[in-house]
Amino acid sequence: MADDIQSEREFNERNIAEFRRNGGKVGGPFEGFPLLIMTTTGARSGAQREKLVGYFDIDGRIYVVGSAAGRDSSPAWVFNLRAHPDITVEIGNEPPHRRTAHELPRDERDRIFEIVKERAPGFAEYEKRTHRVIPVFELRAV
């Protein structure tokens, strides 16, 4: 378990470095997918946490999806956003800027998640793998 966490952190750090080196572009499994770096505050630790996440621009609004590839538990950043919704975001070559995360209520979440599944069909598979409702957050400019 500790090795899995360490390798996931190293994977995240390598991809963040690549993102910053290449103006927001990352190869491998992320190639061609819109990505952002989200800096959150740890829900329990209070420490700053950077995470590379895919995002969806829908009608000029930015959304992130806490799918965790269909695992039965949300990714840690979901708990961080719920506890501390004020975050910093890096998109492409843009300088880091502040945003506030708003978890969508169920009806709005369902509407946006349908669009997400149309654009990225893998999310439909993630939804089938888990019994939880996969959360969706809008990242609103401050």
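In this predicted model, M38 has plenty of company from elsewhere in the chain. Setting aside neighbours within four places in sequence, M38 is in contact with R49, E50, K51, V53, W77, L81, I87, T88 and L139. M38 also turns up in the largest nonpolar core, which has 15 residues. Within that core, M38 is one of the members that touch the most others, along with L36, V64, W77, L81, F137 and L139. Several elements chip in here: β1 (35-41), β4 (61-65), α2 (76-83), β5 (86-91) and β7 (136-141) each supply at least two residues of this core. Apart from it lies another core, this one of 13 residues, and F56, I115, V116 and I134 are among them.

F56 leads on to the aromatic rings. A search of the whole structure turns up 5 aromatic pairs. Take F33 and F56: their ring centres are 5.6 Å apart and their planes stand at 85°, so this pair is edge-to-face. F33 lies in the loop between α1 (2-21) and β1, while F56 is in strand β3 (residues 56-58), so the pair ties together parts that are 23 residues apart in sequence. As for exposure, F33 is partly exposed, with a relative accessible area of 31%, whereas F56 counts as buried at 5% relative accessibility.

Another aromatic pair is formed by F123 and Y126, and it is edge-to-face too, with 5.2 Å from centre to centre and 75° between the planes. Here the two partners sit 3 residues apart in helix α4, so about one helical turn separates F123 from Y126. F123 counts as buried, at 12% relative accessibility. Y126, at 23%, counts as partly exposed. Put the two pairs side by side and they belong together: F33, F56, F123 and Y126 form one aromatic cluster.

F123 has a part in helix packing as well. Helix α3 (residues 106-119) and helix α4 (residues 122-129) have axes that come within 7 Å and cross at roughly 125°. That crossing angle makes α3 oblique to α4, because it falls outside the 65 to 115 range for roughly perpendicular and is not over 145, where roughly antiparallel begins. On the α3 side, the residues involved are R109, F113, V116 and K117. On the α4 side, F123, A124 and E127 meet them. Sorted by class, the contact of α3 with α4 has 4 nonpolar and 3 charged residues, with no polar ones. V116, then, appears both in this helix contact and in the core of 13 residues.

Finally, the backbone has a couple of quirks in the loop between β4 and α2, where A68 is found. Phi of A68 is near 50°, a positive value in a residue other than glycine. A69 has its place in that loop between β4 and α2 as well, and its phi is near 55°, again positive in a residue other than glycine. Their exposure goes two ways: A68 counts as buried at 13% relative accessibility, while A69, at 30%, counts as partly exposed.

Methods. Residues are numbered from 1 along each chain as its sequence is written. This is a predicted model: local features need pLDDT of at least 70, side-chain atom pairs count only at pLDDT 80 or more; totals for chains, interfaces and linings use all residues. Side-chain values use heavy atoms; hydrogens and water are left out. Axes are lines fitted to C-alpha atoms, for helices over the stretch in contact, and angles run from 0 to 180 degrees between N-to-C directions. Helices (H or I, at least four residues) and strands (E, at least two) are DSSP runs, numbered from the N terminus. Angles under 35 degrees count as roughly parallel, over 145 as roughly antiparallel, 65 to 115 as roughly perpendicular and the rest as oblique. Contact means heavy atoms within 4.5 Å. Ala, Val, Leu, Ile, Met, Phe, Trp, Tyr, Cys and Pro count as nonpolar, Asp, Glu, Lys and Arg as charged, and the others, Gly among them, as polar. A nonpolar core is a set of buried Ala, Val, Leu, Ile, Met, Phe, Trp, Tyr and Cys residues joined through side-chain atoms within 4.5 Å. Buried means under 20% relative accessible area, exposed over 50%, partly exposed in between (1.4 Å probe, protein chains only). Rings of Phe, Tyr and Trp (its six-membered ring) pair if their centres lie within 6.5 Å; planes under 30 degrees apart count as stacked, over 60 as edge-to-face and the rest as tilted.
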